[in-house]
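The exercises below are meant to be worked with the coordinates open beside the text. Each one sets a task and is followed by a solution that proceeds step by step.

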Amino acid sequence: MVDKATDTDFLQYFPEDKKPELIRLDSHSAPGNLTDHHAVNSSSRHGSVRSRGRSSPTKPASGARNGTRPVSASVPKLPNRPASAARPLSAAQLASTSRPLSGKTPIPGIRSGASSGRPVSGKNESPTRNGSPKRKGSVSPGRSLSPSKSQPASAKKKAGTSTKPKAKSPTLEKTSTKPKLQSQLSENKVIGQKSSNISNLTEDGLKIMDMSSQGMTAIPTTIISNPDLGELNLSCNNLRSLPTEISGLINLRKLDLSKNGIKCMHQKDFSGLPAELGQLKNLRELYISECNLPFVPPAIWALQSLTVLDLSRNKINVLLPEIGSLTSLKKLNLQQTSITCLPSEIAYCQDLEELLLYGNVMDSLPETLADMPRLRVLAVNYRSFCNIVDSYMENLIRKGQINSEHIPLVVFELPALENLDLECTKINTVPEMFMDNLQEFSLYKNFIYDMPETICKCYTLQVFDISKNFIRSLPSDVAELTNLTVLKVNDNMLEKMPNSIGKLVHLEELEMGGNKIRIIPTEIKNLSRLRRFVVDRNDIQFLPEEVCTLRELETLDVTQNCIKQLPISLYNLTNLTVAHCYKGLKKHGLWLYKNPLSQPPEEVWKTDKPQDIFNYLKKLKISQTENLQRQKILIIGSQGAGKSSLMDALVFGRARSDEKPSSKTKVLEQVPWRSENGVDFLVYDLAGDDVYTTTYPLFLDHHSLVLLVYDSSKYEDRGYYESVGKWLDLLHEHIPGNVVKIVGTKNDLFLDNDNELLAADKVWQRVQLHVQQREERLEDEVLRVQKDLADMENKLPENKDLLFSRHQLQLQEERLLEMADKPLRLLPGVSSLTSSEGLYGVEELVQDIEICAIDKHLFPHAQRYIPDQWNKLCAALKKKKSLFLQWDEVADIAIRFQVKDEVVAECIQYLHDVGEVFWFKHIPLLKDILFHRPRALIDVICSLYRHDTKDFLTYDQTKIFSSKGGLTPEEFERTISLFFKFGQISRPLLNCFWFYLKVNNQIFDEFLELLPKLNLCYTIPEPFVPSGKCYLTPLVVLPWFNTEKLLTNQLQEVWPQSIPTKTKQVMLHFSLSFSDADGLFYPLILQAQDLLVERTDWQNAVLGKGKNGSRILIRKTDTDNLYGGKIEICVRDSVLTNLLTAIREAYSLIYMIINQRPGLYCRVSVSTENCNSTVLQTLMPENM
Ligand SMILES: Nc1nc2c(ncn2[C@@H]2O[C@H](COP(=O)(O)OP(=O)(O)O)[C@@H](O)[C@H]2O)c(=O)[nH]1
Ligand SMILES: [Mg+2]
């Protein structure tokens, strides 16, 4: 709960000799004799506001009441109201509504309410309340109070913010910062005529004048005659009165008169504030705090536009009923006055949102407050109502022999109230509550034995404190309070934490210290937002593992329990960054004192660094984890992001030595690493240069932990997609469901720590947004496909998309649902670190990685028994010299090691998982091939795809091109120009590329056969043994290097739009919704080589001829958007069957590729020309 001013705090603002009297419960200070007042009021409860509308309300004799309210009992001069809103309340009725101090003189030993003659609660008294207990929205007939408007948005407070006003008035703060203008004052006889004081303008263009602290005794006429004045600050002067001419300030909105000596000697005294003030019809805010006023100047009552009235820190002890005429009031500050009660007419201020009464000793509140629909803040010291509870009564209440009744019932009926603080108010019951907006409620330190049921119906509650009472059990209904973020039940007599606690999923703080709880229910795991969990001083025997899932925990206090062992997964609670520390006055971090802990031992757990404990537990876990296998880590990210440096930091625990440009990673580096705690990893550092994009599909592995690295020192929000987003999309496309940690490197380049953390936070938010948007797009797409399916069922109008069969749409739906089901598993937060000097943050990342590696849920495959034979088989395979082995060969060798046929695949998968071999079983053309020497394969790929090709292809640099390639300088120029333009490589050039691989003729052919299967190039069959002119014809083509684009205006030439009527055309459109088009386009044009007998390639298109002579165009179109790239396959032929064969082959091809990428989705449609779509439909196979 929020700090609040104590009763006497306000005294500090008074000079010693002027300190006001504090307690005025006698007849001298209050207008009426307190005892009389109560006696009358308590007998007049039937005349409460709720009974006002009745035709013949039972009301007590008004005369009696008049006697009790000498000042306010006269009929208040309420403002003229529209006829329809004729004032229905008689003065007597209103006067009668003031709530009594309940609990007055109870009869010892007898529960009041039963026979004491006074009802315990309002239940039996007020007929309306009885009839409709929940008064929400009900307005008594005939009431003049304006009907409840709906709560203004501004009145709604955000969760977690406090409703309590600060003790200081705004004027006080403002004036204290004003520069003193004394020196100027001495020069000006007529004070305050400096135009420079008009500095700003109000929103509506009026002038703002600050004349504070100028020692003025009178207001200069120049000011008064300024009709353009919007705001005037006259605080901290010596003004005794305002002139009548003040009425000239017709546009004045805000007037600050605080800290002056404004006169007002009696309730009709207009000498300080003249009646003419009432003519300021536009005045909204009036501050008249600290003016030593004994009465409220009557001129104020005419200011009907006032929304803010500050009368704080005056000597006022009575607020007249006329306050009800200020019907626009939103905020009324009466703090530190001498007011003890409020007139019922306050309820006419139907817009009132804040009523500040701190520092006053209130003895009653009018019942009419319950009819104020917008009163959110009632800042009153509820403890002042305890004044009548003497120690004898207190004892009876404590023992439950009488019910407490001293808190006015109306307090529980304020419909808009947001915060109710009944801390230490000596109550043992809470009456039925009618509060629809209560957000914070404290019952701290009272005498409550059973949690009041009515509280479990306060569904809006966010913060609830019932600590220091005598509660024995929490009702399961507490689970209804689903908005709770803070629940404190410390120091009660609880023996059990209810299982239903797990339903309070929004809880961030749960405190149940000082009870007798023995067991923490496993349901605790549902409280995933919990940051603070305090269960000290209980009888807890052990902490369930479920506690270790509460990853947000910043404080876990289990001091003084009976815990012998800590749960081993406690190391997951990485937000416990300190131990046995205080933050402010609260215990913070991990607290373990006073437990019979043996594991970890004392020398470990007695620490201020939980990390020591975590390390101990983690080592323990690792040592207990049987069969922990080597884990693959993939480091990916853009070129220069710091991937290789990070790998060095992880593996060698040191910064990378200064490197030359040539040390840029090629394709991939594989380095084994054993972490300090003994977990084995194999780190793959994937090169980030664009040239390697085509190689990624081979190495993105389902069973790996991915570190997505970006350079945090260069990160900009608009560059998010390039540095992080596109990598996430790539991972989504190829290995959805993988575990990913995002790592920002080079944080040493940030000048200050805060910026660095802020930046990491921002990236994390951006990532979350990215993931969320993807989910949304997936949902939309699912709905679209489902609608298409429904349309198909209902045979709705011909839709060209529906040419495809129902089966095809179902497949699409299936894939989308699978994709939605398998998002990437992002480890929370961004790791911010430096891989150069200092290695700041690397250790934390290592911790995270280790924890992942031993987490069976994340990497189930990594913890299992591996037969010895498998490793022996592996060693035998590696002895083979060739680049790859056919499956039959593998099976033959396996038999020698008793690895039977049915487990060969399992064994090879294991060897692949631990990085001993490459087995691309998801690629149909490669599933029967084993790359038993991974490095050899990487070298082959490196030989073709390298970021430094330009440097490599320099004739004079080495002798290779002349000796190995046999090329003259001219031939060399010719052949490499073809390479750089079209990605074509001739045989001699290929020989040079492969020179370092020591490739003989046989291996050369083996490579040639293999490369297309790896989707890295396509080959052009040579018609005869190359010689002469053909010598330089292309043998291998890497379309990625093609720089020629087929422009839209050239398209018409190569593929005219209009076709002869004899020619039929079918076009398949594939729109990619979640990735760019390249991922599908490159493999497609490589594989298309199988369909074509002739082709012309551009960077973005291929024009070719199929085996049956059909003409085929494959084209990629990009969009400006991130997603939505398109691929078209268009086939033309005059013979329908030929055309269909070609289109079917193309379609199968594209689906073969799509099936290799579980996260690739495209929307397919088809359009035709010169052929009947129905014919086409019947000819399409069912699975298309
Ligand atoms: N200051 C600083 N420089 C770094 C850090 N990490 C990498 N670098 C530098 O950034 C450049 C690129 O790093 P590198 O690891 O090769 O990036 P990669 O292309 O992603 O592998 C090199 O010059 C590194 O020295 C770091 O944490 N701090
Ligand atoms: Mg690198």
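**Exercise 1: a three-stranded sheet**

Three strands form an open sheet in the order S28-S30-S29, and their pairing is antiparallel. The model is a predicted one, and the task is to find which strands of this sheet are the edge strands and which helix lies across S28 and S30.

Solution. Step 1: strand S28 (984-986) and strand S29 (1018-1019) are the edge strands, since each of them pairs on one side only. Step 2: S28 is joined by three bridges to strand S30 (residues 1034-1037), and the two run antiparallel; within this pairing, Gln984 has Val1037 of S30 opposite. Step 3: the helix across S28 and S30 is H23 (residues 969-982), which runs at about 155° to S28.

**Exercise 2: a six-stranded sheet**

Determine the strand order of the open sheet of six strands, and explain why one side of S32 and one side of S36 are left without a neighbour in the sheet.

Solution. Step 1: the order is S32-S33-S34-S35-S31-S36, with antiparallel pairing. Step 2: strand S32 (1092-1097) and strand S36 (1162-1169) stand at the edges and have a single partner strand each, so one side of each lacks a neighbour in the sheet. Step 3: direction ignored, neighbouring strands of this sheet are turned against each other by 15° on average.

Step 4 turns to the edge at S32, which five bridges join to strand S33 (residues 1101-1106) in an antiparallel run. S32 and S33 form a hairpin with three residues between them; Asp1097 has Val1102 of S33 as its bridge partner, while Thr1096 stands opposite Leu1103 in S33. Step 5: helix H28 (residues 1136-1155) lies across strand S31 (1064-1072), strand S34 (1111-1117), strand S35 (1126-1133) and S36, and its direction is at about 15° to S31.

**Exercise 3: a helix pair and the largest pocket**

Describe how H10 and H16 pack, and then establish which elements give two or more residues to the lining of the largest pocket.

Solution. Step 1: two packed helices are described by the angle between their axes and the distance between the axes. Step 2: for helix H10 (residues 610-624) and helix H16 (residues 842-853), the angle is about 35° and the axes are 12 Å apart; the crossing of H10 past H16 is left-handed. Step 3: H10 makes the contact with Gln611, Asn615 and Lys618, and H16 with Gln847, Glu850 and Ile851, which by class amounts to one nonpolar, three polar and two charged residues.

Step 4: the largest pocket holds about 1600 Å³ of space. It is lined by 42 residues, of which Thr574, Asn575, Lys741, Pro828 and Asp848 are the closest to its centre. Step 5: the elements that give two or more residues to this lining are H10, strand S24 (739-745), helix H14 (753-793), strand S25 (825-832) and H16. Step 6: divided by class, the lining has 15 nonpolar, 15 polar and twelve charged residues.

**Exercise 4: backbone geometry**

Locate the cis peptide bond that ends at Pro600, the positive phi of Arg537, and the positive phi in the hairpin of S21 and S22.

Solution. Step 1: most residues other than glycine have a negative phi, and most peptide bonds are trans. Step 2: the bond from Gln599 to Pro600 is cis, with omega near 0°, and Pro600 sits in the loop between strand S19 (590-591) and helix H9 (602-605). Step 3: Arg537, although not a glycine, has a positive phi of about 55°, and its place is the loop between strand S15 (532-534) and strand S16 (555-557).

Step 4: strand S21 (residues 668-674) and strand S22 (residues 680-686) run antiparallel and are joined by seven bridges, with Trp673 opposite Phe681 in S22. Their hairpin has five residues between the strands, and there Gly678 takes a positive phi near 85°.

Technical notes. Residues are numbered from 1 along each chain as its sequence is written. Chains are lettered from A and ligands numbered from 1 in the order in which they are written. This is a predicted model: local features need pLDDT of at least 70, side-chain atom pairs count only at pLDDT 80 or more; totals for chains, interfaces and linings use all residues. Side-chain values use heavy atoms; hydrogens and water are left out. Two strands pair if DSSP finds at least two bridges between them. Helices (H or I, at least four residues) and strands (E, at least two) are DSSP runs, numbered from the N terminus. Axes are lines fitted to C-alpha atoms, for helices over the stretch in contact, and angles run from 0 to 180 degrees between N-to-C directions. Contact means heavy atoms within 4.5 Å. A crossing is left-handed if the near helix is turned anticlockwise from the far one by less than a right angle, and right-handed if clockwise. Ala, Val, Leu, Ile, Met, Phe, Trp, Tyr, Cys and Pro count as nonpolar, Asp, Glu, Lys and Arg as charged, and the others, Gly among them, as polar. On a 1 Å grid over the protein atoms alone, a cavity is a set of points where a 1.4 Å probe fits but cannot get out, and a pocket is an open set with protein on both sides within 12 Å along at least five of seven lines; lining residues have an atom within 4 Å of a point. Grid points are joined across faces, edges and corners, and a volume is the space filled by probe spheres set on the points.
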